[in-house]
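Grab your favourite viewer and work through a few short exercises. Each one sets a task and then walks through a solution.

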Amino acid sequence: MLLTVDIGNTNIALGLFDGDSCVRFWRAASDTRRTVDEYAVLLEALLAHSAVDVQCIEGVVIGSVVPVLSDTLNDALQRVFGRVPFHVTYTVPMPVKNRYAKPNEVGVDRLANAVAGVELVGAPVIIVDVGTAITLDVVNKRKEYLGGAILPGLEMSAEALAKRTARLPRVAPHEPHHVIGRTTVESIRSGLLNGLVGSVDYLIEQMWEELGYRTALIATGGLAGLVTQRSRLVKESREDLTLLGLKRIFEFNHTKKILKARRTARNTGRA
């Protein structure tokens, strides 16, 4: 089995894959104050609670957008599993070409989403990731990652409203029951979620116009369900999309290494 770890700004998502199936899925807070020892204990507790034998883990993959946590989780994972994790970065070969103008600026979560999106629904595709920030990422017909759009997530927007106004309260981003809010809390919730969904639909339509053709659509992230329930366009979501992408990138590189070793062995045999 393969353990995939997606280190995000708010949460760390972990997925245990048995073949193509994600048989276990966990979330933990991204806490930069935790030590290697504390993360090791947390990992062992998650595995024990789910009755997962450490010896069954044959590989570990990390994708991170929080550099300060990368080393900590690397050491914790290596301590628990006795294996050196495979780190996905923008320099790692992938089945989707990175055509970002500045390739080093794109987060590995966005690249992993692109790889998984193509795997699940084909290319071209737009992936909507509803996390701390909302990202829309575009893969064209040639399976090239082009880039996309980034906007504030629901919690970030709610926090900004509360901080920058004198009388508006901090509101948890729950689903509103009405578009026309009858209280301040209802009004904020309506504006946050309906405004986000409207922005996503508008951006997708503008991206289609710029591409000159329509694409498949898929969403992911902790609040993706709220978007797919209300969006006119995005109807499909998958919680483990980023983890699946990390898995595919690992397999892509692992296969390349095996083929290279076989070619080397054949050439050595001929010599």
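**Exercise 1: A helix pair**

In this predicted model, the axes of helix α4 (residues 154-164) and helix α5 (residues 184-211) come within 10 Å and cross at roughly 140°. Your task: classify how α4 lies relative to α5, then find which residues of α4 and α5 meet.

*Solution.*
- Step 1: Angles over 145 degrees would count as roughly antiparallel, and 65 to 115 as roughly perpendicular. The crossing of α4 and α5 is at roughly 140°, and that makes α4 oblique to α5.
- Step 2: As for handedness, α4 passes α5 in a right-handed crossing.
- Step 3: On the α4 side, the residues in contact are L154, S157, A158 and L161; they meet I188, L192, L193 and L196 of α5.

**Exercise 2: Checking α1**

Work out whether the span of α1 agrees or disagrees with the expected value, and which residues of α1 are buried.

*Solution.*
- Step 1: Helix α1 covers residues 36-49, which is 14 residues, so at 1.5 Å a residue it should span 20 Å. The C-alpha atoms at its ends are 20 Å apart, which agrees.
- Step 2: Now pick out the buried residues of α1: V36, Y39, A40, L43, L46 and L47. Looking down the axis of α1, they fall within an arc of 125°, so they line one face of the helix.
- Step 3: That spacing has a familiar background: an α-helix has 3.6 residues a turn, so residues three or four places apart point the same way.
- Step 4: Flip to the face of α1 turned away from the buried side, and you get the exposed residues V41, A48 and H49.
- Step 5: As for what covers the buried residues of α1, the list includes β2 (11-18), β3 (21-29) and α2 (67-81).

**Exercise 3: On to α2**

Take α2 next: which of its residues are buried, and what does S70 contact beyond its sequence neighbours?

*Solution.*
- Step 1: With 15 residues, α2 reaches 21 Å from its first C-alpha to its last, close to the 21 Å expected at 1.5 Å a residue.
- Step 2: Its buried residues are L69, S70, T72, L73, N74, A76, L77, V80 and F81. Their cover includes β1 (2-7), β2, α1, β4 and β5 (86-88).
- Step 3: Zoom in on S70. Its relative accessibility is 14%, so S70 counts as buried. Setting aside neighbours within four places in sequence, S70 is in contact with I7, S64 and H87.
- Step 4: Just past the helix, α2 is followed by G82, whose phi is positive, near 65°.

**Exercise 4: Backbone oddities**

Find where A51, K143 and P124 lie, and say what the backbone does at each.

*Solution.*
- Step 1: Start with the background. Most residues other than glycine have a negative phi, and most peptide bonds are trans.
- Step 2: A51 is not a glycine, yet its phi is positive, about 55°. A51 follows α1 and lies in the loop between α1 and β4 (59-64). Its relative accessibility is 70%, so A51 counts as exposed.
- Step 3: K143 is not a glycine either, and its phi is positive at about 60°. K143 sits in the loop between β8 (133-139) and β9 (144-152). With a relative accessible area of 43%, K143 is partly exposed.
- Step 4: A123 and P124 are joined by a cis peptide bond, with omega about 5°. P124 belongs to the loop between α3 (108-121) and β7 (125-130).

Notes: Residues numbered from 1 in each chain as written. Predicted model: local features only at pLDDT ≥ 70, side-chain atom pairs only at ≥ 80, totals over all residues. Heavy atoms only, no water. Helix = DSSP H or I, 4+ residues; strand = E, 2+ residues; numbered from the N terminus. Expected span 1.5 Å × (residues − 1). Buried < 20%, exposed > 50% of the residue type's maximum accessible area, 1.4 Å probe, protein only. Arc of directions from axis to C-beta. Contact = heavy atoms within 4.5 Å. Axes fitted to C-alpha atoms, helices over the stretch in contact; angles between N-to-C directions. Parallel < 35°, antiparallel > 145°, perpendicular 65-115°, else oblique. Left-handed = near helix turned anticlockwise from the far one by under 90°.
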